[in-house]
Every structure is written in structure tokens, then in C-alpha cells.
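Hi everyone, thanks for coming. I'll walk you through one structure today, so please have it open in front of you.

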Amino acid sequence: MDRKNIFAISVAYLGVVLIWSTTPLAIKWSGEDVGFLFGISLRMMIGATLALLLTFIMFKKLPLHRQALAVYMAAGLAIFGAMLPVYWGAQYISSGLISVIFGLTPMVTALLAARLLNEQSLTGMKIIGALCGVIGLLLIFSDQIKLGDYAAWGIAAVLLSVLLHSASSVIIKRLDAQLPALIVTTGGLVFSLPLFLIVYSVFVGELPAHMPLRALGSIVYLGVMGSVVGFVSYYFLLARLQTSTVALITLITPVTALWVGYAFNSESLGVMVVIGSSFVLFGLIVHQWGGRLSG
């Protein structure tokens, strides 16, 4: 791999980490006085419109052959199928527990990739590294993990989201349609948008009477950066790296999101955050380079 590709991959990886780190706070703000279903539906509408515009400018058309349609459905599995259960599950479990459960993504992805892609990514050192990361997340969010009466439903919903997110990544990798990342993102958004609108019309149906400026700004940010730039960068990485390596982002972003909340929303940090962050960092090192160190 030449330096140009390495630089592009590094920038894309850092970009996804930064965007996904700011996403939790933006999602929180985007639902203020308007509800999360309106926020996520408008976000997807903005994202799909922008992605389609860029696609027609750069590629003149959106491919609609059979393999492309299969990729769009797989991308929609992550955009709609993985997002909605998380939003729903958040009614019953804390954001900290959600982050811990999503820390299982690298292991679930590696298991699916080993099964479906023959990627040799489920080694002992990688499992240890991922487990260290999950332990770190448990320590960081230990004071937030409270189980209510319907916690089992919330946990099940987030576990479903993890499985769908991981399956989407592996399926897209296996299809290997050689489509540009923007095309994959656009197709996934176009496939998902009607589903979000149907859910909104069934469960809400009415437009909010008032929209705070911060909520609107957050929705626009999520629509542009989260739904277009973030997904384009993610699918760019997925085409060039092992799926398990891309999945490590779900271990990094809960930690960085905490520091973003501390910097921009005056959220408190304690000693367990520092200790837990160290576990996550150690787990990432072991996951990525443990095999070389042990060899």
C-alpha cells in the first residue's frame, strides 16, 4: 500500500472516530422538544438529499443493477435496522450500557467475518484485546449502568443492533461490488429513508409545533456529517481494511464521546473514566499488535 492510500485511510479512520464521537451529543440535542423520531427522520431526509445531489454531480446516476441493489439493502441494514433498535432501546437502558454492549461489535464482526469471509481475525490475542476494551467501557460507565423494569427489552434491542451493524459490514464486504463509497452511502440512505418516514407517520404523525435552534443545528450536522461524510468514510474504510479493524471504532468512540461531552456540554469525568480509558487503549493495542508482540 502506497503512502497516498495510507494517508487517505488514516484521515478517513480519524474522521469516522471524530464524527461518531460527536454523534451521541448531537443526537441528544437533536431530539430536544421535537422527539427522536422526528430528529432521525429529518436527519435521513437531509442526508439522502445531499448524497443524491453529490452522486448525480460526480457519477451522473445511481447504479440500479442487481448487485448494487443488494449492497444498498445491506447498507440499509446498518442505517435503518441498526439505528432504530438503539433509539428504541435507549428508553429502557442507560447510554453507558448501550456503549458497553456496542463494545462487543469487534468480536461479533470478527466472528461473522471468519465465518463468511474467511478472515483470520478471531485470534486469541484479538479476543483478549476486545475483552479488555469491553472491561474498560464497563469501568467507564459503571455508575450509569442501572437496570429498570424493562431493561431486558432494551438490552435485547441493542444486541440486535450490534448484530445487524456487524452483519451489514460483512455482507457488504462479501458482495464486493466495487462501488464507490458515496454510491453505497447514497443507496443505503435512499433505501432507508422511506422506512424511517413510515415509522414516523405510524407512531407520531404530526410535525412538532416548535423547533429549537440547537435541535435544528444538530439535525443538520447529523444529516451532513453523520449520514453522509461519516458513512462515506466508513464504507471507504470497509473496502480497504479488514471488517474487524473497522469495527474497532465502536470501542474508541464511547471514550472520545465522553471527552467531547466534558468539553462541550460540561459533563463530569471521574477517575474511573481515566482507568477505563487506559483499559480500552490497552485492549486496542493488544487487538491490533498483540499477535506480533507474542510472536
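Let's start with a quick one: where does D176 lie? Have a look along the chain. D176 sits in the loop between α8, residues 151-175, and α9, residues 181-203. Before I go on, keep in mind that this is a predicted model.

Okay, that loop. D176 has a phi near 45 degrees, which is a positive value in a residue other than glycine. If you're new to this, here's the background: most residues other than glycine have a negative phi. Q178 is in that loop between α8 and α9 too, and its phi is near 60 degrees, again positive and again not a glycine. How about cover? D176 is partly exposed, because its relative accessible area is 47%, and the partly exposed range runs from 20% to 50%. Q178, with 65%, is over the 50% cut-off, so Q178 counts as exposed. There's one more positive phi to point out: K60, just after α2, takes a value of about 75 degrees.

Since I've mentioned α2, let's look at that helix. Does its length make sense for what we'd expect, or what should we compare? Well, α2 has 24 residues, and at 1.5 Å a residue they should span 34 Å; the end C-alpha atoms are 33 Å apart, so the two agree. Which residues of α2 are buried? There's quite a list, including L37, F38, I40, M44, A48 and T55. And the buried residues of α2 pack against α1, α3, α4, α9 and α10.

On to α3, residues 66-81. This helix has 16 residues and reaches 21 Å from its first C-alpha to its last, close to the 22 Å expected at 1.5 Å a residue. Its buried residues include V71, Y72, A75, I79 and F80. What do they pack against? The answer is α2, α4 (residues 83-89), α8, α9 and α10.

Now for the inside. The largest nonpolar core has 61 residues, and the ones with the most contacts inside it are M44, L179, F196, Y235, L237 and I249. You've met M44 already, as one of the buried residues of α2. Let's zoom in on I249. Leaving aside neighbours within four places in sequence, which residues is I249 in contact with? They are Y13, V16, V17, W20, L237 and P254. Apart from that core lies another one, of 9 residues, among them I93, F102, A151 and V158.

While we're on the inside, find T105, in helix α6, which covers residues 105-116. Is T105 buried or exposed? Buried: its relative accessibility is 0%, and buried means under 20%. Not counting residues up to four places away in sequence, T105 touches V162, H165, S166, A247 and T250.

Let's come back out and talk charges. How many salt bridges does the structure hold? It's 1. R214 pairs with E32, and the closest N and O atoms are 2.7 Å apart. R214 lies in helix α10, residues 213-238, and E32 is in the loop between α1 (3-30) and α2 (36-59), so the pair ties together parts that are 182 residues apart in sequence. Both partners are partly exposed: R214 has a relative accessible area of 43%, and E32 has 25%.

Last stop, the surface. I135, V271, M272, I275 and F279 make a nonpolar surface patch of about 410 Å². Which helix gives the largest share? That's α13, residues 271-294, with 4 residues. F279 is found in α13, and at 33% relative accessibility F279 counts as partly exposed. That value also explains why F279 can belong to the patch, because patch residues need over 30% relative accessible area.

And where does I135 come in? The C-alpha atoms of F279 and I135 are separated by 7.0 Å, although the two are 144 residues apart along the chain. Beyond its neighbours within four places in sequence, F279 is in contact with C132, G133, I135, G136 and L139.

That's my tour. Thanks for listening!

Notes. Residues numbered from 1 in each chain as written. Predicted model: local features only at pLDDT ≥ 70, side-chain atom pairs only at ≥ 80, totals over all residues. Heavy atoms only, no water. Patch = residues over 30% accessible without salt bridge, like charges linked within 9 Å, V, L, I, M, F, W, Y side chains within 5 Å. Areas by Shrake-Rupley, 256 points an atom, 1.4 Å probe, with all protein chains shown as cover. Salt bridge = Lys/Arg side-chain N within 4 Å of Asp/Glu carboxyl O. Helix = DSSP H or I, 4+ residues; strand = E, 2+ residues; numbered from the N terminus. Buried < 20%, exposed > 50% of the residue type's maximum accessible area, 1.4 Å probe, protein only. Core = buried A, V, L, I, M, F, W, Y, C linked by side-chain atoms within 4.5 Å. Contact = heavy atoms within 4.5 Å. Expected span 1.5 Å × (residues − 1).
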